[in-house]
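Colleague: I should like to learn how the features of a structure are read. May we take them one at a time?

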Amino acid sequence: MAFQKAVKGTVLVGGGALATILGLSQFAHYKRKQVNLAYVEAAEYVTELVNREPPSREAQLLTLKNTSEFDILVIGGGATGSGCALDAVTRGLKTALVERDDFSSGTSSRSTKLIHGGVRYLQKAIMNLDMEQYRMVKEALHERANLLEIAPHLSAPLPIMLPVYKWWQLPYYWVGIKMYDLVAGSNCLKSSYVLSKSKALEHFPMLQKDKLVGAIVYYDGQHNDARMNLAIALTAARYGAATANYMEVVRLLKKTDPQTGKERVSGARCKDVLTGQEFDVRAKCVINATGPFTDSVRKMDDKNSPPICQASAGVHIVMPGYYSPESMGLLDPATSDGRVIFFLPWQKMTIAGTTDSPTDITPHPIPSEEDINFILNEVRNYLSCDVEVRRGDVLAAWSGIRPLVTDPNSADTQSISRNHIVDVSESGLITIAGGKWTTYRSMAEDTINAAIKVHNLKAGPSRTVGLFLQGGKDWSPTLYIRLVQDYGLESEVAQHLSTTYGDKAFEVAKMASVTGKRWPIVGVRLVSEFPYIEAEVKYGIKEYACTAVDMISRRTRLAFLNVQAAEEALPRIVELMGRELNWSDSKKQEELETAKKFLYYEMGYKSRSEQLTDRSEICLLPSDIDRYKKRFHKFDADQKGFITIVDVQRVLENINVQMDENTLHEILNEVDLNKNGQVELNEFLQLMSAIQKGRVSGSRLAILMKTAEENLDQRVPIPVDRSGGGL
C-alpha cells in the first residue's frame with residue numbers, strides 16, 4: 001500500500017480552516033501550568049501548554065520507557081521531524097520523537113539561513129510552464145509568512161539586491177521579481193523596487209560598479225536555523241511530546257496484524273547514545289523524518305526497499321561583516337557554472353553560498369577547499385576591486401547535505417522531485433522526504449494527515465498555522481531595553497539574548513554572572529568579540545544540550561561564525577558544562593578533543609589551517625624579504641635565527657605593553673609550524689608571504705610585530721644637536 005500527498009498549491013479559508021483559526025485564539029490567552037510527572041499522557045484534545053518549561057531529558061526518557069504505546073513515534077529531530085512532533089501533539093495525539101544526535105545537528109543547521117519561496121523555482125515554473133514548481137513556490141511563500149509570524153524573535157524580512165549589468169536584463173528581472181510579489185499576494189513582505197546605479201552603490205558600496213546599470217531589490221525572510229529548529233522541538237515538548245536527543249533507533253519493531261496477517265511496524269528499539277541503555281518504544285505509527293538518512297531507516301523496514309534519496313552537498317562560508325551591508329543581501333543569479341550564490345549579512349557576519357554537487361551520505365560532511373574557492377571567486381566577481389577578497393578572511397565553512405528525492409511510485413524512477421513526498425510502506429512506515437526548510441510545517445501537516453488516514457488515528461485538524469514557537473508569544477523588538485535596564489546587561493548582549501531566546505531571555509539574564517565591573521553589571525562573555533555569555537551554557541543544558549559541540553554549534557552559533565573564537569571559548573564551555581553535568585576530568589578532556597575535531601573537519605578549521613604550513617612557499621620580493629628580516633631582528637636581537645616568548649616579552653616591555661604568558665604562547669604557536677616551541681625566520685617569512693597572497697589574515701603575531709616595530713622606531717633618542725644642546 002502506498003499513500004502520497006502532493007504539495008498544496010494554495011490555502012483556501014473555508015469553514016474547517018476558519019474553525020482552526022478561531023481555535024488558535026485559545027492559545028493566545030492560555031493559562032500556563034507546570035506538571036512534574038515522570039511522563040505525560042496526552043490529552044484528548046490539547047487546548048493549552050502542558051509544561052511551563054520543557055521537561056528534563058531524564059524525565060523525557062522515563063516518558064519514552066513508561067508509556068505503553070504512543071500514537072506517533074517520529075524518528076529524526078531536524079526541522080521536519082520536530083515539525084511532525086509539534087503538529088501531532090497539538091492535535092491531541094500521544095507523541096514521541098527520537099534523534100540519534102542533537103536536534104538540528106544535520107542539514108537543518110547548515111542552510112543558507114533564508115526563509116524563502118524560491119525566486120529561481122518561480123523562473124523555472126514560468127519558463128517551463130511547470131505547475132508543480134509554481135505550487136511549490138506558492139506554498140513556500142505562505143509558509144514564509146507564517147514562520148515570520150510565529151517566531152518573530154528568530155526571523156525577520158531581509159532585502160536582497162539583484163545587481164544588473166546589462167540594460168536588457170533590467171526589465172527581464174523586474175518582471176520576474178514582480179511576479180514573485182504577485183504570487184505571494186497578501187503574504188508579500190514588502191514590495192520590490194528598482195534602484196539606479198548611484199542608489200545601488202549607496203546601499204551596497206562594496207559592489208562592483210563597472211558596467212553596473214542598476215539593481216532590483218526584493219524581500220525574503222532570514223532566520224537562525226538551528227535555534228528555529230530547537231524552538232520547534234522545545235515547543236513540542238512543552239505541549240507534551242516526549243522528545244529526546246541522542247536516542248538512536250537500532251531497529252524497527254513489528255507485529256502481525258490479526259485482520260490481514262501481515263507484519264506492521266509497531267515501534268522501535270532505541271539506544272541512549274550517552275549511556276548505551278536500550279529499550280523499546282511502541283507506537284501505532286512510526287514516521288521516518290531522517291533527511292539524508294531516509295533510505296537507511298527504510299531498509300530497516302524492508303531491506304529490498306529501493307533508494308529514494310540523492311544527496312547533494314551545499315557548502316557555505318562565513319566572512320567578516322564588512323564584506324556586506326548590515327541589512328542588505330545580494331543574489332548572484334547566474335554564476336560561472338549556472339548556479340545561484342547568495343551573499344548575506346547574518347549575525348553581524350557575512351554568509352556566502354551555496355554550492356550544489358553530488359556527495360556521499362555521511363553524518364559528518366566536510367567542506368572542500370575547491371568549493372570554498374569557487375564561492376570566493378564568485379564573490380570577487382561582484383565586489384569592487386577596492387575590496388580584496390582574501391582566503392584568510394574565511395572564518396568558518398560548512399557543508400550541508402540536501403536530501404533530494406525520487407518518487408518511489410513514479411514511472412520515471414530517475415525523476416527528482418523538488419517537492420516533498422510522503423510515502424507509506426507495506427508495513428505502515430511513513431516516510432517524509434525532500435522539501436525545504438521553509439515548508440517544514442506544511443510537510444509535517446501532510447505527514448500527520450497521512451498517519452491519521454492510514455492508521456485510523458483519532459485527531460483533529462492541524463493547528464500549527466499561527467501557533468507561536470517558544471519565545472515568540474510575548475517578544476517585542478524593544479524587549480532588549482528591559483534586559484539592559486532591569487539586569488545591567490550590555491546593549492549588544494541584551495539584543496542578542498532577545499533575538500535568540502525571545503521572551504525567555506529574562507530566564508537567561510537571571511542566570512548571568514556578575515562581572516565585577518562598573519558596566520556591564522552582569523553578563524560575562526565567552527569570547528570578547530561575540531555577545532555570547534556564560535549564562536547561556538547553563539541555560540543551554542536546560543535546552544537539552546549534552547555535549548560541547550551542541551553548545552558551540554547549535555545553542556550558540558560560535559562554530560558557524562568563527563572557528564578560532566569557538567576554539568578559544570571551548571575550555572570555559574567545557575568547564576561550565578562539566579560543573580552542571582558532573583563530568584569527570586577524563587570526560588571533560590574527551591569533550592574538548594571531540595569539539596576540536598568537529599571544528600577542524602566539519603567547520604573548516606582544517607582548510608583554514610592548511611593555508612599556512614611548514615611546506616608553504618615564500619613568494620616575496622627581495623625588498624619585502626629585507627623589510628621583514630629587519631622587523632624580525634628587532635625581536636631576535638641575538639641573531640639566533642628564531643624568536644621565543646622571552647624575546648617577545650623583552651620587546652613589549654620596551655614599549656610598555658603587558659601581555660600574559662599564556663596568550664603569548666598561543667600567538668607564537670599559531671606560527672610555530674614545526675612545533676618546536678619557537679618561531680624561526682623562515683616560518684615568519686612564510687607567514688608574511690601567506691598574508692600578502694591573502695591566504696592568511698588576522699595573524700596576531702604579524703600585527704603585534706608590526707605595531708611593536710612602529711613603536712620602537714618612534715622611540716629613537718633625539719640627537720643632542722637637535723634637542724637644543726641639553727642642560
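Colleague: How many residues does the chain have, and what share of them count as buried?

Modeller: This is a predicted model. The chain has 727 residues, and 57% of them count as buried. Its accessible surface comes to about 31,500 Å², and carbon and sulfur atoms account for 51% of that area.

Colleague: How many helices and strands are there in the chain?

Modeller: The chain contains 25 helices and 21 strands. As for contacts between residues at least 6 apart in sequence, 72% join residues at least 24 apart.

Colleague: How should one read a pair of packed helices, for instance helix 4 and helix 6?

Modeller: Two packed helices are described by the angle between their axes and the distance between the axes. Here, the axes of helix 4 (residues 119–127) and helix 6 (residues 169–184) come within 10 Å and cross at roughly 100°. Angles of 65 to 115 degrees count as roughly perpendicular, and helix 4 and helix 6 are therefore roughly perpendicular to each other.

Colleague: Which residues make the contact between helix 4 and helix 6?

Modeller: Helix 4 contributes Val 119, Leu 122, Gln 123, Ile 126 and Met 127, while helix 6 contributes Tyr 172, Gly 176, Ile 177, Met 179, Tyr 180 and Val 183. The residues of this contact comprise nine nonpolar, two polar and no charged.

Colleague: Turning to single residues, is Thr 447 buried or exposed?

Modeller: A residue is called buried when its relative accessible area is under 20%. Thr 447 has 0% relative accessibility, so Thr 447 counts as buried. Thr 447 is located in helix 11 (residues 440–455). Apart from neighbours within four places in sequence, Thr 447 contacts Cys 84, Ile 287, Val 422, Ile 430 and Ile 432.

Colleague: Where is Leu 114 found, and with which residues is Leu 114 in contact?

Modeller: Leu 114 belongs to strand 3 (residues 114–115). With a relative accessible area of 6%, Leu 114 is buried. Setting aside neighbours within four places in sequence, its contacts include Leu 158, Ile 160, His 223, Phe 342 and Thr 438. The C-alpha atoms of Leu 114 and Asp 225 are separated by 8.4 Å, although these residues are 111 apart along the chain.

Colleague: Which residues does the UniProt annotation "domain: EF-hand" cover?

Modeller: According to the unreviewed UniProt entry, the annotation covers residues 623–658 and 659–694. In the model, residues 623–658 are 64% helix and 6% strand, with end C-alpha atoms 32 Å apart. Residues 659–694 are 58% helix and 6% strand, and their end C-alpha atoms lie 28 Å apart.

Note on methods. Residues numbered from 1 in each chain as written. Predicted model: local features only at pLDDT ≥ 70, side-chain atom pairs only at ≥ 80, totals over all residues. Heavy atoms only, no water. Axes fitted to C-alpha atoms, helices over the stretch in contact; angles between N-to-C directions. Helix = DSSP H or I, 4+ residues; strand = E, 2+ residues; numbered from the N terminus. Parallel < 35°, antiparallel > 145°, perpendicular 65-115°, else oblique. Contact = heavy atoms within 4.5 Å. Nonpolar A, V, L, I, M, F, W, Y, C, P; charged D, E, K, R; others polar. UniProt positions renumbered as here; feature names shortened; annotations may be inferred. Buried < 20%, exposed > 50% of the residue type's maximum accessible area, 1.4 Å probe, protein only. Areas by Shrake-Rupley, 256 points an atom, 1.4 Å probe, with all protein chains shown as cover.
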